[in-house]
Amino acid sequence: MTAPDSNLTINPDRLWDSLMEMAKIGSGVAGGNNRQTLTDADAEGRTLFQSWCEEAGMTMGLDTMGNMFARREGTEDLPPVYVGSHLDTQPTGGKYDGVLGVLGGLELVRTLNDLDVKTRHPIVVTNWTNEEGTRFAPAMLSSGVFAGIHEQDWAYGRTDAAGKTFGDELQRIGWKGDEPVGQRDMRAFFELHIEQGPILEAQGDEIGVVTHGQGLWWLQITLTGKDAHTGSTPMAMRKNAGLGMARILERVHQIAMENQPDAVGAAGHIDVYPNSRNVIPGKVVFTVDLRSPDQQKLDGMKARLEAEAPEIAADLGLGIEIETAGHFDPVTFDEDCVRAVRDAAKRLGYGHRDIVSGAGHDACWINRVAPTAMVMCPCVDGLSHNEAEEITRDWAKAGADVLLHAVLETAEIVK
């Protein structure tokens, strides 16, 4: 494969303008976006993306999960190189999470059109449905069906808080296609994404070369004690479920710290009962999130918590139940695709470092069916899933430039 010329770069102003135009759809209350999947705002964003793709001379494919595939033809009938991410957002999401990857792919094609650059392999820009999983759990739902992780009928039956199903809402907004899901041949898949963490900005690097994705275990823990008055119950006679949770979470932190580098652990979802100021909690339900890119460490962290949490509960006279609420194995991205990303960053002179993705992405599922890699750019203070999420125009350009070069090396420029 021939490396592209280092002078070949995207149009940063056009990319930025596209990001800002898309951000007008499903605008949030604090400068970000609320464009949740299969809402009217999602349909409007899809329509805008399709119009841009057609203006760029691409043809749009749509599968039965609503995944969008905008194709730029190659000079030969070969498996396409895919790029993309997602257009749906969190309820209080930012303007760049996912969207940068989709519109960065569009800008890639626009740049090739401007310069009349042809490739042997077609290039397909993808918008995966329901990456966020906020309205319809789980996350990465449609890429999961594409990769054979989930059954389509099961996905169609996912319900939101109002009891509406994924399948019905996909039909309602008019974005259910006829193409059978998961039957596309891929030469490779590249996903551009903001880091959603603070490492790149802190290190002064413009590009993260993603080598691995963290696996995770979600363990839902229920502790049962006894509701009692906080003022009149002697300390030695309490069965305090809140104290049990505190001690278990301290142990979670300890376990993660003893499995460095890259292991993490915390609890995000916590329910305390009866949640009254003057009542000792008689019950708590919380979900521990354990992550590591190393399968042995990940499973060892889980096993250790499952062994030690009951001991903590027993010491406090508490009942305990532990059940698995979610899991996926660590991801190792394709060596050749990762090398293409790393070489592109070097060739273009961008500061870069290898990085592990702490979040799940569509690329993690697509990696199971095609050679895959990710490109990351920094975000301010590592903040994401927040309306204050921010990146710079230069970071967006750097990420899209590296994406362009990695894709062109893989799709093979016609000289």
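## Location and exposure of His-385

His-385 lies in the loop that runs between β15 (372-377) and α12 (393-411). In this predicted model, the residue has a relative accessibility of 39% and therefore counts as partly exposed, since that class lies between the 20% limit for buried and the 50% limit for exposed residues.

With neighbours up to four places away in sequence left aside, His-385 is in contact with Gln-90, Thr-92, Asp-97, Glu-132 and Gln-196. With Asp-97 there is also a polar contact between the two side chains, at 3.2 Å.

## Annotated site of Asp-97, Glu-132 and His-385

An unreviewed UniProt entry lists Asp-97, Glu-132 and His-385 under the feature "binding site". These residues span 289 residues in sequence, yet no two of their C-alpha atoms are more than 9.7 Å apart, so they gather at one spot.

## Asp-97

Asp-97 is placed in the loop between β3 and α3. Its relative accessibility is 5%, which is under the 20% limit, so the residue counts as buried.

Beyond its neighbours within four places in sequence, Asp-97 is in contact with His-86, Asp-88, Glu-132, His-193, Ile-194, Gln-196, Ser-384, His-385 and Glu-389. Its side chain forms a polar contact of 3.3 Å with the side chain of His-86, in addition to the polar contact of 3.2 Å with the side chain of His-385.

## Annotated site of His-86, Asp-97 and His-193

The feature "binding site" is also placed by UniProt, in an unreviewed entry, at His-86, Asp-97 and His-193. Although these positions are spread over 108 residues of sequence, they cluster in space, with a largest C-alpha distance of 9.7 Å. Asp-97 thus appears in this record and in the one that names Glu-132 and His-385.

## His-86

His-86 is found in the loop between β3 (81-85) and α3 (99-115), and Asp-97 is likewise in the loop between β3 and α3. The relative accessible area of His-86 is 0%, so the residue is buried.

Residues up to four places away in sequence not being counted, His-86 touches Asp-97, Gly-98, Val-99, Val-102, Asn-127, Trp-128, Glu-131, Glu-132, His-193 and Asp-362. Asp-97 and His-193, which UniProt lists with His-86, are among these contacts. Glu-132 is in contact with His-86, with Asp-97 and with His-385.

Note on methods. Residues are numbered from 1 along each chain as its sequence is written. This is a predicted model: local features need pLDDT of at least 70, side-chain atom pairs count only at pLDDT 80 or more; totals for chains, interfaces and linings use all residues. Side-chain values use heavy atoms; hydrogens and water are left out. UniProt positions are given in the numbering used here, feature names are shortened, and annotations may be inferred rather than shown by experiment. Helices (H or I, at least four residues) and strands (E, at least two) are DSSP runs, numbered from the N terminus. Buried means under 20% relative accessible area, exposed over 50%, partly exposed in between (1.4 Å probe, protein chains only). Contact means heavy atoms within 4.5 Å. A polar contact is a pair of N or O atoms within 3.5 Å; within protein, one must be able to donate a hydrogen and the other to accept it, and residues adjacent in sequence count only if both atoms are side-chain atoms.
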